[in-house]
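Biologist: I am new to this structure and would enjoy a close look at a single part of it. Could you pick a place where two helices pack together, and then walk me outward from there?

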Amino acid sequence: MNSAATQTGGSEMVSQPDELAPVKEMVRACIQCGTCTGSCPNAFAMDYTPRHLWRMVLMGLKEEIFSSRTFTLCSDCYYCTLRCPRGLPLTEAMEALKQIAAARHPSPDRYSTQFYKTFLQSVRRHGRVNEMEFMALYFARLKNPLFALRFAPLGMKLMRKGKVSLRVPLKGRHPLESIFRNVEALEDRS
Amino acid sequence: MSSKIGKALVVGAGIAGIRAALDLAQVGYGVTLVDRSAHLGGILSQLDYQFPTDHCGMCKMLPLVDRDAGSQYCLRKGLFHENIEILLATELISLEGEPGSFRATVTRHFGWVDADRCVGCGACVDVCPVEVADAFNAGMSVRKAIYLPVPHAIPNPYVIDVAACTVCGACQAACPTAAIQLPEGKRAGFRILVVDDELVVRDSLKEWLVEEGFAVDMAASGAEALEKLAGHSYQLMLVDIKMPGMDGVEVLQKAKENFADLKVIMMTAYATVDTAVEAMKIGALDYLVKPFDPEVLIPMVARIFQDMAAAEGRQLEIDALVLCGGTDFVNPASGKNLYGYGVYPNVVTGLELERMVSGTGPCAGHLVRPSDGKTVQKIAWIQCVGSRDLPNGADFCSNVCCMYAVKEARLVKEKYGTQIEAAIFFMDMRTFGKPFQRYRDEAQQHYGIRFNRARVHSLIEADTGDDLLLRSVDLTGAVHEECFDLVVLSLGQRPAAGTAQLAETLELGLNPWGFVESVPFSPARTARPGVFLGGSFSGLRDISESVTLASAAAANASRVIHAAGGSLVPAEVTDSVRTGDPAAMPKILTVVCTCGDKLSQRVNTGKLAARLKTDPAVCAVEFIEQACTAEGWENLVERVKQHHPNRLLIGACMPYVYGRKLHELGRQTGLDAALMEVVDLKMFGTAGHGETGDKRAVLRDFLSGLETGLAGVKWADPQPAAGVPVCQRALVVGGGIAGMTAALMIADHGFPVDLVECSEKLGGNLNWLQYTLEGNDPRKLLEDTCAAVEKHSKIKIYRRAEVIHAYGQVGNFHSTIQEPEAEVRTIDHGVVVLATGGSAADTTAYEYGSCPAVITQKQLEEKLTGESFDPTALNTVVMIQCVDCREEPRNYCSRVCCAGALKHALKLNEQNPAMSIYILYRDMMTYGFNETYFTRARENGIMFIQYRPEEKPQVQVNNEAVTVQVFEPIIGKKVAIYADLLVLATGITPNFPAELARSFGAAVDRDGFFQSAEHKWRPVDSLTEGVFACGLALAPGNIGESTALAEAAAQRALGILARRLLPAAKVVAGVHHSLCSLCERCIEACPYGARTIDPDHEQVLVNAAMCQGCGSCAAVCPNSAAVLEGFLEQQMFEVIDAAIQ
């Protein structure tokens, strides 16, 4: 156990402006009661529970935090925020982590990052997601044919039920382009 | 009576109010004890069991000295004391004047039942058609509109719930003693003026009110209203705020100028509610929001009518005021109600559970769940409901919930054993009282109660029906779902209803949490001189602390009364001696209550009298109707005056009721109450015989009952045991803040005090304490207290001195004091207060002593204020709590360490915000308002890591480098912290002189602290009378807690010092020296240390003031040499003969 000890303390913790500082600020009064974890409908799928994540934030364990998928799995249901006995803005803190991760810790290999990117790309192009295009692009980007195969049975099922559009998307129409541009401009400014 | 008797008003008759009243009464002051409810005892009347004994024990508060002056039976049933006047259903309205000459106004609400006439037969309840939820059983059962406020009180007159009563008149007709007077007809004399510009509003209001029997007039404008007011007298005005011309507020102002007594209710639309609230500040009583609901309007008007028609304002001249208003529980159904209280029937509050397990509760003590009556097999407690809850404004810990949950869990386990599974879900288990940690450990180890460190976020009903599904997360992050039959919410507390209003009336401040503000370091004092706080009115306290603070408040009040010239103990109380000639033959007057004519219906009273008169000791037999009523009693007094008996026997029902009356009778007729006896005729007259039963058998029964009484009273000794003279001087051992406070309090009452301090300097631990968590300055306190003690003419200080020897008993102790370079001297004193203090414990744990970077919290405090201290040189500080504490052999919490660690951590953080501070703790004992500082510390970035005693932190020291390794339960890993400073909280150990204490007759507990007579009810007393303790010698505590204990100890000591002679009670032990073989068994058997052996005369002596008449000595004596007055052998044989004839 000793060898696995996590190091903390000393001057290491107070070096440089801390990108986690705004999140820390939000969860500082946390008493680790676990209400958030107990309330979270997605906690079962997370690698760290929400309480665990807040603890890591307070301890400044950046590496572990940004390699975790806990915050990407937050579905913004606000249960934790509603029930937290400290009244902490936990859903906001999750969002903040998502943004920091997207801005400063891009992990191109991550499936979820690719998923969101490809999904939005398709939406941007057509005003809605085009399933075929999305699937093709997503699986191509992952460069992992075995992963794609895992979804084959589900894909068949969806297709049988007509949930996957086989139509070739129309080109040249970009109905959401201006919205996306505006958002990009806003994000650049902030 | 040589001088004025001082008088105090105690508001709130819960246990704290009772304690304060008894303490003041015991030193001889007159006390008026008021409570707004219709019964005594506050919340304790609903609780049957208290930790740590799991019994009640409230009676232990009754006076032990001069105990015949008050009642000596179950205190939950009632109380009387010759110096205490009890006014129920009474509220304090205002207070004017200065300490020593206050004028208090109270309003007493009369019910419609005359308590003096009500005989408690219950005929009214049988006919009452109205059923409402019973507040006594926390709403879990129903009662009628006419009801008993508590089922066990004696006397127990019925009261009417004015809000629920429909005034149908059924009870009035059924009452056999004409005790009920309903206010029919009186409403027509109650004139109401309705002012509104809208006709439809006026009309409908008038219609409703007239239907209720009130007299109603109407006015369409402000001007018309004022005109009407001038022409007629009105009791109540309902006025609309928004009217053309003169608006409602203006009408209110003008009306109040001319008719100050007029009650006004504002009528408002939703938009102008703020105006209505403002109007209440200039004299409006209340407001109603449109559209009107008659369900709200009618009770509001009815209540105002009731207050005016059946309330009596009363002015009391008092010297001091003690407020013991208690607290309320948070409403569990308010806010988000995540636990579904009121939604799921099987979610109950702690108080409801107490009622459920009570024999007088809604399910007669059987723990069955409310939804379907199934016996509960699995039960869970959820802690911190409404406490430590920031979104709901409760940044405090309610102090008592952890312990009452553990107690309740133990109670159900005690009752149902393995048939029930009990679990407590908690965040920190706050066992900060002296015996609490062991009590909790026992609950876990011996009773098998599960303690789950997890916060339950909400609960839902399970699919299986009425079961409740709890979801929680353990420390590893694993989610658990579990079903329970019953879930108990450990509700947090809130200021008592009306606290803010009362504080405003009395010009008292409120603290940030909404409780009445006390003075720093003096929790019993308020900023207003002469007004004091007892119990939990100013904060959150358990029973032990509440009664301590009540005694402290009584001490402060007593000091004010004394300073104002109120004498201590009026002469007639001290010198009360039984008037009786021991040689005279018994001449017994027997008075039998016929209870209307019920007795003569059942027995031939002539025969009964004739049979009784065959006993030559009986001088007369009289029959009176209803001795329990005022007329009946007057009749009885006349008979006593007429016959001049030297003994009195009364045959009636409910003997307890007569306690106070017998005392009064004694004063009126000169016959001592000790020579009177009341036998319970109900007990004898009803058993086995119906109304038409065999008259001879019934006669035999009654006779037997009366003859047992005769046998008892015949042998009563007219000459009481001699009292014990008191040396009116006190010895206080220890010159810390507790000792000095106690000494000052006693000396301020005019009694000389010898204060013995072992060091050169007074002040004890205050000499190193620099500041407090709240930011108050203990150095100023020390300076002021030292100065006051040093210049007090009644206090003699012995420095570098020690009490090396002591002997004696209450009233007459003799102690030998050794001073340096002086001859030993022996002083006499009547009482002793042990305030020898305590110190920060020493330790060898965590490399302490091997490295200068490992220090204690005390050393850190000294360091922090030292000049060479540089906070910027520190990067990381680690604090470890509970070092060697809360596990055997020192298995108690020292209370101050968690607050101390926070204090230092916050200071370090303030001096160097970049510093990393870690506090490694087991349970943060930030009880009460300390929780706020815990929150602040978290917010300021101080890290808290919880460790378990099985897996303590490990410390490695390498030169000056300290590495602390601790398992972080949330991230599930061991963490290594490189600390520049490691601070250990080692807790408090007592400096209690066990040998000396034993020579005073006091005992030492297993941890070396003073052993209280009873942790809850007599915290500062020893079981041996005359020995008291306070401060750290008694229990760990902070400065305020220690001074409260000191003032309480002083007050208890004053109860003895205030008398020149401690009177012996009626029932007291004695010795037949001719039969005594000096085997000394009785000395061993006496729990109060009242028996000693006199080696010079070879006799066993009984101290009549210390003896409590328990009879243990008489039971163990092999020769019948130890006797108990009132229970002599011959007497008991006669009683038995009479009973079985």
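Modeller: Happily; what follows starts with one helix pair and then moves to the surroundings. Please keep in mind that this is a predicted model.

Let's begin with two helices of chain B: helix 13, which covers residues 543-563, and helix 27, which covers residues 1039-1057. Their axes come within 7 Å and cross at roughly 65°. Since angles from 65 to 115 degrees count as roughly perpendicular, helix 13 of chain B is therefore roughly perpendicular to helix 27 of chain B. The crossing of helix 13 of chain B past helix 27 of chain B is left-handed.

Which residues make the contact between helix 13 and helix 27 of chain B? From helix 13 of chain B come B:Thr548, B:Leu549, B:Ser551, B:Ala552, B:Ala554, B:Ala555, B:Asn556 and B:Ser558. Helix 27 of chain B answers with B:Ala1044, B:Leu1045, B:Glu1047, B:Ala1048, B:Ala1050, B:Gln1051, B:Arg1052 and B:Leu1054. Sorted by class, this contact has nine nonpolar, five polar and two charged residues.

Now for the nonpolar cores. In soluble globular proteins, nonpolar side chains tend to be buried together. Here the largest nonpolar core has 344 residues, and B:Ala1049 is among those with the most contacts inside it, along with B:Val322, B:Ala742, B:Ile746, B:Val833 and B:Cys1030. If we set aside neighbours within four places in sequence, B:Ala1049 is in contact with B:Ala742, B:Val833, B:Val1020, B:Phe1028, B:Ala1029 and B:Cys1030. There is also a second, separate core of 33 residues, including B:Phe190, B:Val216, B:Met237 and B:Leu252.

Stepping out further, we reach the contact of chain B with chain A. Each chain brings 35 residues to this contact. On the side of chain B that touches chain A, the elements giving two or more residues are strand 23 (468-473), helix 25 (930-939) and strand 47 (973-979) of chain B. Strand 47 of chain B gives the most, with seven residues. By class, that side of chain B has 16 nonpolar, 10 polar and nine charged residues.

Finally, a word on the partner. Chain A has 11 helices and one strand, and the strand comes before the helices when the elements are read from the N terminus. Of the 190 residues in chain A, 26% are buried. Among contacts in chain A with a separation of 6 or more, 59% join residues 24 or more positions apart.

Notes. Residues are numbered from 1 along each chain as its sequence is written. Chains are lettered from A and ligands numbered from 1 in the order in which they are written. This is a predicted model: local features need pLDDT of at least 70, side-chain atom pairs count only at pLDDT 80 or more; totals for chains, interfaces and linings use all residues. Axes are lines fitted to C-alpha atoms, for helices over the stretch in contact, and angles run from 0 to 180 degrees between N-to-C directions. Helices (H or I, at least four residues) and strands (E, at least two) are DSSP runs, numbered from the N terminus. Angles under 35 degrees count as roughly parallel, over 145 as roughly antiparallel, 65 to 115 as roughly perpendicular and the rest as oblique. A crossing is left-handed if the near helix is turned anticlockwise from the far one by less than a right angle, and right-handed if clockwise. Two residues are in contact if their C-beta atoms, placed from the backbone, lie within 7 Å. Ala, Val, Leu, Ile, Met, Phe, Trp, Tyr, Cys and Pro count as nonpolar, Asp, Glu, Lys and Arg as charged, and the others, Gly among them, as polar. A nonpolar core is a set of buried Ala, Val, Leu, Ile, Met, Phe, Trp, Tyr and Cys residues joined through C-beta atoms within 7 Å. A residue is buried if 20 or more other C-beta atoms lie within 10 Å of its own, exposed if 12 or fewer, and partly exposed in between; C-beta atoms are placed from the backbone.
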